[in-house]
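Biologist: I would like to learn to read a model feature by feature. Can you take me through one?

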Amino acid sequence: MEPNASLPDLFQRLMTRWERTAIPSGTLMIFLAGGVGILAGFGAAAFTWLIHNASALTVENELTAAGQNGPWILALALVPALGLLLVSWITRTFAPEAQGHGVPEVITAVARRDGVIRPHVALVKILASGLCIGTGGSIGREGPIVQIGSALGSTAGQWFKLSPRNVKVLVAAGAAAGISATFHAPLAGVMFASEIILGSFAVESLTPIV
């Protein structure tokens, strides 16, 4: 191995070498999917932390003030609108694909772009959705966390220069990990990622997702 070779290049050569021997490449995919799952878990934790802190600084403070002084109830009505304006600016400026619900965008990426999702989508989605929900926006956590986990999985697949099929599997693994971490429902995460994101329960994809 060349001393100046990058880590993704070394990983790709290692996979190629192992594919020619008795060690299956699926073993490497399982370990890599596990790493994506850990990252998605941290992403879910950061997402939840941001929601709670944004809510404490905005909605909860305004509710307290409104309880002590009647006119503050009008200010409370403005908090979700201001949060939405901030979120709209963030997504339009840094990642327009993070504006949607999350799940349709991931399905589109898998079906039309071989699972390729831009790396910074995960960070933008955490920030935008966390602020939107924390300021009282009427959206749920499922769509954002699916896109966050999927973006992390796609980034890992692109970074290690995996085949499109393996990138899609890591996208599904990230989605499953996000659902599992956010809702404490690992089986539901696996079923959701396999049926909705990949549309397949094939063993070679189901094993890394699990």
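Biologist: Where is the place of Cys132?

Modeller: Keep in mind that this is a predicted model. Cys132 sits in helix α6.

Biologist: Is Cys132 buried or exposed?

Modeller: Buried means under 20% relative accessible area. Cys132 has 9% relative accessibility, so it counts as buried. Look also at what lies across from Cys132 in space. Its C-alpha and that of Val79 are separated by 9.9 Å, with their positions 53 residues apart along the chain.

Biologist: How many residues of α6 are buried?

Modeller: The count is 12 of 14, so α6 is largely enclosed by the rest of the structure. Among the buried residues are Val121, Val124, Lys125, Ile126, Leu131 and Ile133. Note Lys125 in that list. We will meet Lys125 again at the pocket.

Biologist: What does α6 span from its first C-alpha to its last?

Modeller: The check uses 1.5 Å a residue. α6 reaches 19 Å, close to the 20 Å expected. Now try α7, residues 142–159. Its 18 residues should span 26 Å, and the end C-alpha atoms are 26 Å apart, which agrees. α7 is mostly covered too, with 13 of its 18 residues buried.

Biologist: Step back to the whole chain. How many helices and strands make up its secondary structure?

Modeller: There are 10 helices and zero strands. Of the 210 residues, 43% count as buried.

Biologist: Now a surface feature. Which residues form a nonpolar patch on the surface?

Modeller: Start with the general idea. An α-helix has 3.6 residues a turn, so residues three or four places apart point the same way. In this structure, the patch is formed by Leu78, Leu82 and Leu85. Together they have about 340 Å² of accessible area. Leu82 is found in helix α4, residues 72–94. Its relative accessible area is 56%, so Leu82 is exposed; the cut-off for exposed is over 50%.

Biologist: On to charges. How many salt bridges does a search of the whole structure find?

Modeller: Side chains of opposite charge can pair when their charged atoms come close. Here the search finds one salt bridge. Glu97 pairs with Arg118, and the closest N and O atoms are 2.7 Å apart.

Biologist: Which parts does the pair of Glu97 and Arg118 tie together?

Modeller: Glu97 lies in the loop between α4 and α5, and Arg118 in the loop between α5 and α6, so the pair ties together parts that are 21 residues apart in sequence. Glu97 is partly exposed, at 26% relative accessible area. Arg118 also counts as partly exposed, at 37%.

Biologist: What volume does the largest pocket have?

Modeller: The volume is about 250 Å³. Of the 16 residues that line the largest pocket, the closest to its centre are Ala98, Gln99, Gly100, Lys125 and Ile139. Then ask which elements supply the lining. α4 and α6 each give two or more residues. The largest share, five residues, comes from α4.

Biologist: Where does Gly100 lie?

Modeller: Gly100 is in the loop between α4 and α5. At 29% relative accessibility, Gly100 counts as partly exposed. Its C-alpha is 8.8 Å from that of Pro144, and the two residues are 44 apart along the chain.

Biologist: Last, the backbone. What phi does Asp114 have?

Modeller: Most residues other than glycine have a negative phi, and most peptide bonds are trans. Asp114 has a positive phi of about 55° although it is not a glycine. Asp114 lies in the loop between α5 and α6. It is partly exposed, at 39% relative accessibility.

Biologist: What phi does Lys161 take, just after α7?

Modeller: Lys161 takes a positive phi of about 55°, and Lys161 is not a glycine. Its place is in the loop between α7 and α8. With a relative accessible area of 43%, Lys161 is partly exposed. Compare a glycine: Gly136, just after α6, takes a positive phi of about 100°.

Biologist: And at the chain's end, is Val210 buried or exposed?

Modeller: Val210 is exposed, with a relative accessible area of 70%. Val210 is found in the segment after α10. C-alpha to C-alpha, Val210 and Ser194 are 9.7 Å apart, and 16 residues apart in sequence.

Conventions
Residues are numbered from 1 along each chain as its sequence is written. This is a predicted model: local features need pLDDT of at least 70, side-chain atom pairs count only at pLDDT 80 or more; totals for chains, interfaces and linings use all residues. Side-chain values use heavy atoms; hydrogens and water are left out. Patches are made of residues with over 30% relative accessible area and no salt bridge: like charges are joined within 9 Å, nonpolar side chains (Val, Leu, Ile, Met, Phe, Trp, Tyr) within 5 Å. Accessible areas come from the Shrake-Rupley method with a 1.4 Å probe; for residues, only the protein chains shown count as cover. A salt bridge is a side-chain nitrogen of Lys or Arg within 4 Å of a carboxyl oxygen of Asp or Glu. Helices (H or I, at least four residues) and strands (E, at least two) are DSSP runs, numbered from the N terminus. Buried means under 20% relative accessible area, exposed over 50%, partly exposed in between (1.4 Å probe, protein chains only). The expected span of a helix is 1.5 Å times one less than its number of residues. On a 1 Å grid over the protein atoms alone, a cavity is a set of points where a 1.4 Å probe fits but cannot get out, and a pocket is an open set with protein on both sides within 12 Å along at least five of seven lines; lining residues have an atom within 4 Å of a point. Grid points are joined across faces, edges and corners, and a volume is the space filled by probe spheres set on the points.
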